[in-house]
Structures are given as structure tokens and as C-alpha cells.
Amino acid sequence: MAHSLAVTPPYSLLLSMTLTFFFFFFFTSVCFSVSDAVKPKTFIVRVQHDAKPSVFSTHKHWYESSLKSISSQISPDDTTTSVASDVGSRIIHTYQTVFHGFSAKLSPSEAQRLQDVTGVLAVIPEQVRHLQTTRSPQFLGLKTGDSSGLLKESDFGSDLVIGVIDTGIWPERKSFNDRDLGPVPNKWKGECVVSKDFTATSCNRKLIGARFFCSGYEATNGKMNETTEYRSPRDSDGHGTHTASIAAGRYVFPASTLGYASGIAAGMAPKARLAAYKVCWTAGCYDSDILAAFDAAVSDGVDVVSLSVGGVVVPYYLDSIAIGAFGAADHGVFVSASAGNGGPGGLTVTNVAPWVTTVGAGSIDRDFPADVKLGDGRVVSGVSVYSGPGLATDTLYPLIYAGTEGGDGYSASLCLEGSLDPNVVRGKIVLCDRGINSRAAKGEVVKKAGGVGMILANGVFDGEGLVADCHVLPATAVGASGGDEIRKYISAANSGNKNGRATSTATATITFRGTRLGTSPAPVVASFSARGPNPESPEILKPDVIAPGLNILAAWPEGIGPSGLPSDKRNTEFNILSGTSMACPHVSGLAALLKAAHPEWSPAAIRSALMTTAYVIDSRGGTMLDESSGNSSTVMDYGAGHVDPQKAMDPGLVYDISTYDYVDFLCNSNYSEKNIQAVTRKNADCRGARQAGHVGNLNYPSLTAVFQEEQGRRKMSTHFIRTVTNVGEPKSVYQVTVKPPSGTTVTVQPEKLVFRRVGQKLSFLVRVKAIAVKLSPGSSTMTSGSLAWSDGKRVVTNPIVITMQQPL
């Protein structure tokens, strides 16, 4: 039941009594459930904002008072008194900006009872999330010497604040110096949380805020080990420092990793201010902490949130990231999130809410070749970042495949810890398969066993996508076909037999060729980049865009080797990493630049500008390739395409979306009114929304239809209504061009949009008719096209995606 925001005193008192009774019943039952077989877990409880009785000045006081009243009602003679007296500690966080409620340890039965309590909108099980440059600014066309353009127009992002929710930050790096920056923006309300290893001087006019959130992590895992982790915003992993400097690192020269990728390091928005929110720890990133970071970031005054973590896809009302991001967007904050590293398979994209800009990863025109030369003269291409003692260039070394010679079968093929036989491996180059342990860890296993080098081979699922790692021994990565070629070579060399034992004459060496620039084609869609379709809302194309995420150089902490292995004692100010984690902050920084150039733009308008100006043509002049297969990629791989920041500054038209448009979207997604309120905090009457439209009618910069083939029904049709806002020039005329997906007809009414002024909105109707194709049960097919509006100067492009499914 939806309630008015204005609460009369009698209703407040009644609601207070109801919730007080709930707290008594709930926390009393907690005392008896401690001995239950089911261990309490963390749940996030969303309460109705206007349910707080007026006697309490804040929601926090309301929760605390309720808990105290419950504790006082526990009998002193009760054996569970100690638990009852500590009942307040079961509240982990309280939330009041993007979310109203709290997180607490609950048993599943308690959580179930809580669902039906008046004033409680949702009880959400906590998820554990996981973490998912010297050339990328130039590759994106951001040139510091230009007299005009996005960097110039935005003053390099000055006075915009990017909040990075990640593993913290290493504040002493040159990427975070505040030289020549003005005072901290007056709007800023955040703080620099001080601890023994993070002093007040750790923050400056560049890093203007730093907080950490570990209560959710510790509620599940116990007190952190402060000998291996910092109880502060300081980064003990490296991921957060890396992503923060990609988004907004200052210009640093010289910059390189072990001599690779030398040049000037810079983030996307070099003058933007940074605020670090540390939520990720050794055991992962916990939803209750992530939500607390969202709450703090929006309250502090950030303009952009960058989130390079992800997990499984669940309905939005059970997704704390989606809920926190909605609250941020509702406050005008742009949220960029990584698409995930589950590619190249389909249905792997995460962070799919339509109010989040979901970013996949592509390559830039730079790589780090390290080739394998086999004993028969063949050369297999690979990549690596290695600068230690190398292999002799004029020597071939014995080569073995760990899966057949190195140790105990399957474990040895993956080069898992303890799986290799030193008597067999010593002095040899070892071929290892990808999987289970990290790529760099495999090299450490080979090194411990006495191997002189490693070749890391992709599996079939990984395809030909290569990631350059900072290895601890001479090592290189090769694609699936290269791995097969090397295995066949080893097998042929093993065919001889002496004294009943196989003898190998296979030999190889690895040649490290440094940094290569101007590689083509570029960009390509990274093999690991997660792909659509959208598992939760198939009518919303995800990812939205791709950005540089393969082999990206950015800042790195002290005391952490570039491989990330505890045994790696090398120090480097910069490191080269790959992942959609690296792509996401590129878009976060670009969003800050666009917001600085266009302060009036909403988060949806910024996303629209990035999507409608994105490109899909690579440096060869053809459709971007999929790195995993070498074939052309599709909209399910790259969304609207690769970001083009210079064009995004002047998109001509934008597709704007209001909070209530998202409410209508959730209505048309068949969410209940209570579930919608759990996400949006808005009272929803879905009758009008469901009568007026369908889920695909959200004013999104892409048009996606999902048709279910039905018996005897050969033609299928749908329509889309879209509204564009003129952000270009007054008295402008846009003409439409349509490239329909194969097997469809697409019509647009009107075919011409005539704008009289800037800010004017005009709508158009798109009708799509498709002819059903014969599909086997449970299968589907996808085709795509585009719709583009042009005024002769600008082109506003929208993907059209048609999916046909045959139910089982």
C-alpha cells in the first residue's frame, strides 16, 4: 500500500507502535535464533521514509531508540542477556540519502517475517561483489594542445568531483598532486577520514575526500587482519588507485611499467577532483558497504560515481547497486559501472539497470608483443610485460606441456600450486592452460618448480583474446589456436621412445619485443568484455558503450608488485592492467568533462551523448572485430559502439529520461508497486503506465524489441515512441535515415524534425514489422540495424535490435 508523504500524528504514533513492536519481536527472536542451525546473514532493509515518528530527529535516532527499548525488555536472568545487550551491534549501516533503511545480521526466517511488517518496503539479501594511462587519452582524441574541444571547453574537468567506489587510493602518487588547482569547490561536504596510515595531509585540492566502509565485510568475516589490510582509505590492492588515476589522474612524465608503455600518463579529466570510497577488501566488496558508500558520496556532493565492481544479475529491487545507483541518478549524479569480465559468452553483462551507464572494454592501438619461437622455426604470436632477466636470444630451451609431463595431470595442466614436479620442470619452458588461479600465479608456480619460462595458453572459451601481464619470470600469453599449435608440436616431438620412456626434443624460446604503437585494427572488442543480451531487461541494450580497457597503464601503490603476487617485491609507480574495470573509469572521466562543459545536462543526457555519437568502424574501415574470434562484433558485444568524446561534446540531440520515466519502465516490467517503491522511493500507480506503453518505450538511445514466435503467427510488429531534446543550434532541421535489421521493415513518423530553439523537445514514432523465422525450440536469433538523425553537421545514431525467440 502506498502512503502519502504527509503523515498525520495519529498515524505516526500507530506506525511507531507497530515498528516498535516489530523491533521487540524481531530482536527478541534474534536472541533465540543464535543457536539455530542457520547462521545469520546480512540483509539490507529498506523502510518507508515517511514512517519515522516526528519525535525522532533523525532516522538513526529512531533505529537506535527502538533497539534500546527492546534490550531493556530482556530479562536480566535470561541466558541470552549478553546477546540482547549487544543487539545494537547487529545493525551494520544506516542509510539516509540514496536509500532509507539499515543493514543488519538476520536469520533467513527473521528476514522472511520482516517482509510483511508495515513500513518495511524490502528485505534484500546481501551479495558479495568482485573487482572486475599513457595512450588512451590520445587514442580517444583528447589532445591537450587543442585550442578547442572537450578538454578545453570543460577546463579539463576542473571543479567536477568523481567518486570512485573501489579498493581505496594511494594518495602520494604524482597522479594525485594538486599543483595549480584552485580551492576545493564550495559545494563539497565530504571529509578525509584520518587514521594511523592515512593522515590529514593525505588529502589535498585534488583528492578532496577519502572514506572507508568495512562494517559489512567484518560482519561476515570477522575483524580484519590489519597486518595485511589498511583500516583506512589507503589502497592495499592497487585496483582503486589504478581506476582513480584513469578517471582523473594528473599529467605525469615520464611514466611506464618496467619500461613498457613509456610516455605521459594522464586521466580523462586531469583537473577533476577525486573522492575515494573504499569498500573492497580481501574477501570481496559487500553490498551493505557499497550502499553506504553511495549514500556518503551523494551526500558529500560528487557529480560522478565510478564503480568497477559487479556480481550476479538479480531483479532491480534485490540489487543494492541498482538501488544505490537509482538514488544517485535521482540526485543528478552520473553513475558509470563496469559491464563485467564474463565474455566472450552471451548473457554475461552485469550492472544492467537502465539508469546506470554500463561499460564494456575495447583495445587501443598499442600492444606488447612477446613471441614464441619453436624449435622447428615456427613463430607463435603472444603478448607480455616482462623486463627481468630474459632468455638467451640464441638459445632454445626444452619445452614441455604441464598437462602431460609436468606433474599430476589436470592440476598440472593449469599449473596450480604444488601440482608441478620440479624434477621434470627444472630448466624448461612450461606450457600452462588458463583457468582457476590467476595468470601471474601460474608463472610463480612454474618459477618455484625451477622452470625457466612459461607459455600461457587460452582455452577454447577464451578464444584469441590476449592480456599482457607483468610476469615474475619470462612468460607470454598465446591464443587458443596458438596453444593448440604448440601442444601438437610438443606431442610430435614426444613420439620418440627410449628405454620405455617418452623423450621430448621439443624446444622453444620467448622473444620480448617491447612496446608497439599504431597496431591495427583498433579498437577491437576485448575477449573478456561481458556481452548482452541484458538478462534482466532484454528490451534495454547492454552494455551501453565500450571504452579502452585492454592493457591500460595507470597509477599503482607502493609495496605491491606489478603482478599483484605477495612474493613480487618489484616497485613501480604505474602498472598495466586489463578489464572492464579499466574501461569504466574512462567513461566516468569523460562524463565529468561533459558535465563541466554542459552543467545543465542530466545523467541520462550525458549517457545519450556518449551513445548516439559512438562509432563501430575500426581503423581498417570495417566493423570492429571481436578479439576472441577474429570475426565482426555485434551490438551485443559493444552496445551503441566505442565512445568518441569529441563528438559527444556536441551531439545535437539527446534522449533525456526523468525519474518518473524509470518508474513507468518498472511498471511495464511487471514489478509490483511495493517493489518499485523499494527501488525508487516513489509511490507508483502503474495502471496508466501499463495502458500507455510497454517496457521498450523507455526514452533510451537504443531501440530493442523481443518477439516470441507463436504458432501460426508469421508477422510480428511493435512500436517505439522517442522524444529528443535539441542541445545543438536553434532553427535546426534533422532528417532521418533508417538501416532496418534484416527481415524487418522500419518506418519513422515524422521523417523530419524541425526545431525552433535550443531545449525544444520533439517526439517521433518508430514502427517495426518483422517476419518470423523458423527456429528450433529454445533457440533465438538477433539482427540489428540503425536509425540516425542528421542536420548535415551532426549524426545522432540509435541502434535497432530485433531478437526472435522460440519458447521451449
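Me: In this predicted model, how many bridges join strand β16 to β28?
Reply: The model is predicted, so every value here is computed from it. Strand β16 covers residues 357–362 and runs parallel to β28. The bridges joining β16 to β28 number 4.

Me: Which residue of β28 stands opposite G362?
Reply: Look at the pairing of β16 with β28, which is parallel. G362 has its opposite number in β28. That residue is P548.

Me: What is the strand order of the open sheet of 7 strands?
Reply: The pairing in this sheet is parallel. Strands of a sheet pair through backbone hydrogen bonds. Read across, the order is β7-β10-β6-β13-β15-β16-β28.

Me: Which are the edge strands?
Reply: An edge strand here pairs on one side only. Two strands fit, one at residues 207–212 and the other at 545–548. They are β7 and β28.

Me: What does the twist average from one strand to the next?
Reply: The sheet is open and its pairing is parallel. Going from one strand to the next, the twist averages 25°.

Me: Which helix packs on the sheet, touching β15, β16 and β28?
Reply: The helix spans residues 603–612. Its direction makes about 50° with that of β15. The helix is α17.

Me: Is S338 buried or exposed?
Reply: S338 lies in strand β15, residues 334–338. Its contacts beyond four places in sequence include Q132, L307, T350, V359 and C584. Its relative accessibility is 0%, and buried means under 20%, so S338 counts as buried.

Me: Is C584 buried or exposed?
Reply: C584 is one of the residues in contact with S338. Its relative accessibility is 0%. By that value, C584 counts as buried.

Me: How many residues does the largest nonpolar core have?
Reply: The residues with the most contacts inside this core are I162, Y277, F294, V302, Y316 and W355. Helix α9, residues 287–300, gives the largest share, 8 residues. The core has 114 residues.

Me: How many residues are in the second, separate core?
Reply: The largest nonpolar core has Y277 among the residues with the most contacts inside it. The second core is separate and includes F707, F720, F755 and M804. Its count is 26 residues.

Me: How many disulfides does a search of the whole structure find?
Reply: One joins C192 to C203, and another joins C280 to C285. C667 and C686 form a disulfide too. With bonded cysteines counted along the chain, the pattern is 1-2, 3-4, 5-6, 7-8. The search finds 4.

Me: Why is the C192 and C203 disulfide right-handed?
Reply: The sulfurs of C192 and C203 are 2.1 Å apart. The disulfide is right-handed because the torsion about the S-S bond is about 85°.

Me: What is the torsion about the S-S bond of C280 and C285?
Reply: Both C280 and C285 are buried. Their S to S distance is 2.0 Å. The disulfide is right-handed, with a torsion of about 110°.

Me: Is the disulfide of C667 and C686 left-handed or right-handed?
Reply: The sulfur atoms of C667 and C686 are 2.0 Å apart. The torsion about their S-S bond is about -70°. So the disulfide is left-handed.

Me: Which helices hold C667 and C686?
Reply: C667 and C686 are both buried. The pair links distant parts of the chain, 19 residues apart. C667 is in helix α20, and C686 is in helix α22.

Me: How many aromatic pairs does the structure hold, and what is the angle between the planes of Y260 and F368?
Reply: The structure holds 15 aromatic pairs. Y260 and F368 form one that is edge-to-face, 5.7 Å centre to centre. The angle between their planes is 80°.

Me: Why is the pair of F326 and Y662 edge-to-face?
Reply: The ring centres of F326 and Y662 are 6.1 Å apart. Planes over 60 degrees apart count as edge-to-face. The planes of F326 and Y662 lie at 70°, so the pair is edge-to-face.

Me: Which residues do ring pairs link into a cluster with F326 and Y662?
Reply: F326 counts as buried at 2% relative accessibility. Y662 is buried too, at 6%. Ring pairs link F326 and Y662 into a cluster with Y316, Y317, W355, F665 and Y671.

Technical notes. Residues numbered from 1 in each chain as written. Predicted model: local features only at pLDDT ≥ 70, side-chain atom pairs only at ≥ 80, totals over all residues. Heavy atoms only, no water. Buried < 20%, exposed > 50% of the residue type's maximum accessible area, 1.4 Å probe, protein only. Contact = heavy atoms within 4.5 Å. Core = buried A, V, L, I, M, F, W, Y, C linked by side-chain atoms within 4.5 Å. Pairing = 2+ DSSP bridges. Axes fitted to C-alpha atoms, helices over the stretch in contact; angles between N-to-C directions. Disulfide = S-S within 2.5 Å. Phe/Tyr/Trp six-rings, centres within 6.5 Å; stacked < 30°, edge-to-face > 60°.
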